[in-house]
Amino acid sequence: SAKHSRQSIVIFDEELHEGVEAEFQLLTNLKTALARGELTLYYQPIVCTQSGDIYGVEALLRWPQADGTVIMPDKFITLAERNNLIKQLSAFVINRVFQDLVILLEVHSSLEVHINLSCQDFVEQNLISTLAMLLDTHQIDPKHVVFELTESTVMQEVEKARSLIETLIEMGFSVSIDDFGTGFSSFSILKELPISQIKIDGSFVSLSHESEKDQAIVETSMFLARKLNCSIVAEGVESDACLQYLSRLGCPYIQGFQICEPLSLSECIKWMNSRLMV
Ligand code: C2E
Ligand code: CA
Ligand code: CA
Ligand code: CA
C-alpha cells in the first residue's frame with residue numbers, strides 16, 4: 001500500500017510538473033521578449049457608424065514567434081498579471097502607443113487611441129508617473145488617449161479605480177468601460193465613476209440584429225449612455241446586417257471584423273489613407 005500511494009504521487013507530480021514547466025517556460029520567454037522589444041501592437045479601427053469616418057483605433061498586443069506564428073494576448077496577459085509583469089508590459093504598451101500615435105496623427109489629426117489597462121495597473125503605484133514621463137518624452141496631447149478598463153477590473157478595486165480614473169481625467173485622458181454589461185455591476189459603475197464612454201460587449205452586439213434579448217440589452221445600454229452623456233461604442237460588429245441595425249438605432253461608434261480586423265501600424269496607416277481618400 002505504501003508502494004501504491006508512492007506510485008500515484010509520482011504520476012500526479014509528473015503531470016503537474018509539465019504544466020508548471022510549460023508556464024515557467026512561457027514566462028521566461030515573455031520576459032525575454034519584453035526585454036528585447038519583440039512584442040508588438042496591432043491597431044483596430046473604430047468608426048463613426050453613420051459616416052464610416054475613422055474615430056479612433058484600439059491598441060492590441062501581439063507576440064510574434066520565430067516560426068511565424070503569433071501568440072495572442074489572452075494567452076499571456078493573465079500570466080503576466082499572475083507574475084507581476086503587468087507594470088513592465090503596460091509601460092511597454094504605453095511607450096509604443098505614444099510613439100506610434102505621433103505617426104498616426106500625421107494621417108488623421110483628431111484620432112483617438114485606446115489603450116487597455118489591467119487590474120494590476122491600479123494596484124501598482126507607478127502607472128501615473130510612467131504616464132507623466134511618457135507624455136513628456138513623446139510630447140503627446142492626452143486628449144488623444146482613451147484608457148479602457150473592464151467592468152470586472154474596476155469592481156475588484158472600486159476605490160483604487162476611482163482615484164486612478166479621477167487622476168487620469170485630471171491629466172486630460174478619457175476613460176472607457178470595456179466589456180460593458182458582462183460584469184455584475186454595470187449600473188453601479190455608471191453611477192459611481194466619472195467615465196466618458198462605454199463599450200458594449202461583443203457578446204451582446206454580434207447577433208443583436210436578430211436576437212430580441214440582445215436587442216433589449218443593446219438598446220437599453222444606448223438609452224442609458226445617452227441619458228448619462230456617455231459616448232458609446234458597439235464592439236464585435238461582424239456582419240453588415242448588424243452594422244445596419246446599429247446604424248438605424250443611432251449607435252454613434254462601431255468596431256469589429258465587419259469594419260476592419262486589427263492591423264499592423266503600417267497596414268493601419270494604409271487603411272486610414274484609403275478611407276480618407278474616398
Ligand atoms: P478586448 O479589449 O475586449 O479586445 C477585443 C478583442 O476582440 C480583441 O482580441 C479583438 O481582436 C477581438 N475582436 C475585434 N473585433 C472582433 C469581432 O468582430 N468579433 C470577435 N469575435 N472578436 C473581435 P485580442 O486582440 O485577442 O485581445 C484579447 C484581449 O486581450 C482584449 O480584449 C484585452 O482584454 C486583452 N489585451 C489586448 N491587448 C492588451 C494590452 O495592451 N494590455 C492589456 N492589459 N490587455 C490587452
Ligand atoms: Ca478593449
Ligand atoms: Ca472589449
Ligand atoms: Ca474582452
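Let me begin with the lining of the largest pocket, to which several elements each supply at least two residues, namely the strands β1 (40-48), β2 (54-64), β4 (112-116), β5 (145-150) and β6, together with the helices α2 (77-82), α3 (86-107) and α9 (202-205). Please keep in mind, as we go, that what we are looking at is a predicted model.

How much space lies in this largest pocket? The computed value is about 1,100 Å³, and the residues that line the pocket number 39, with E58, L60, D74, N116 and D178 lying nearest its centre. If we sort the lining by class, we find 16 nonpolar residues, 13 polar ones and ten charged ones.

Let me stay with β6 for a moment, since this strand covers residues 174-180 and is the place of D179. Which residue coordinates the calcium ion written as ligand 4? It is D179, which is listed twice through OD atoms, at 2.7 to 3.0 Å. A second calcium ion, ligand 3, sits 3.8 Å from ligand 4, and D179 coordinates both of them.

Finally, I would like to return to α3, which we met as a contributor to the pocket lining, and to look at how it is placed against helix α5, residues 127-138. The axes of these two helices come within 10 Å and cross at roughly 25 degrees. Because angles under 35 degrees count as roughly parallel, α3 is described as roughly parallel to α5. As for its hand, the crossing of α3 and α5 is right-handed.

Technical notes: Residues numbered from 1 in each chain as written. Chains lettered and ligands numbered in written order. Predicted model: local features only at pLDDT ≥ 70, side-chain atom pairs only at ≥ 80, totals over all residues. Heavy atoms only, no water. Donors = N, O, S within 2.8 Å, 3.2 Å for Na, K, Ca; no water. Helix = DSSP H or I, 4+ residues; strand = E, 2+ residues; numbered from the N terminus. 1 Å grid on protein atoms, 1.4 Å probe; cavity = no way out; pocket = protein on both sides within 12 Å on 5 of 7 lines; lining within 4 Å. Points joined across faces, edges and corners; volume = space filled by probe spheres on them. Nonpolar A, V, L, I, M, F, W, Y, C, P; charged D, E, K, R; others polar. Axes fitted to C-alpha atoms, helices over the stretch in contact; angles between N-to-C directions. Parallel < 35°, antiparallel > 145°, perpendicular 65-115°, else oblique. Left-handed = near helix turned anticlockwise from the far one by under 90°.
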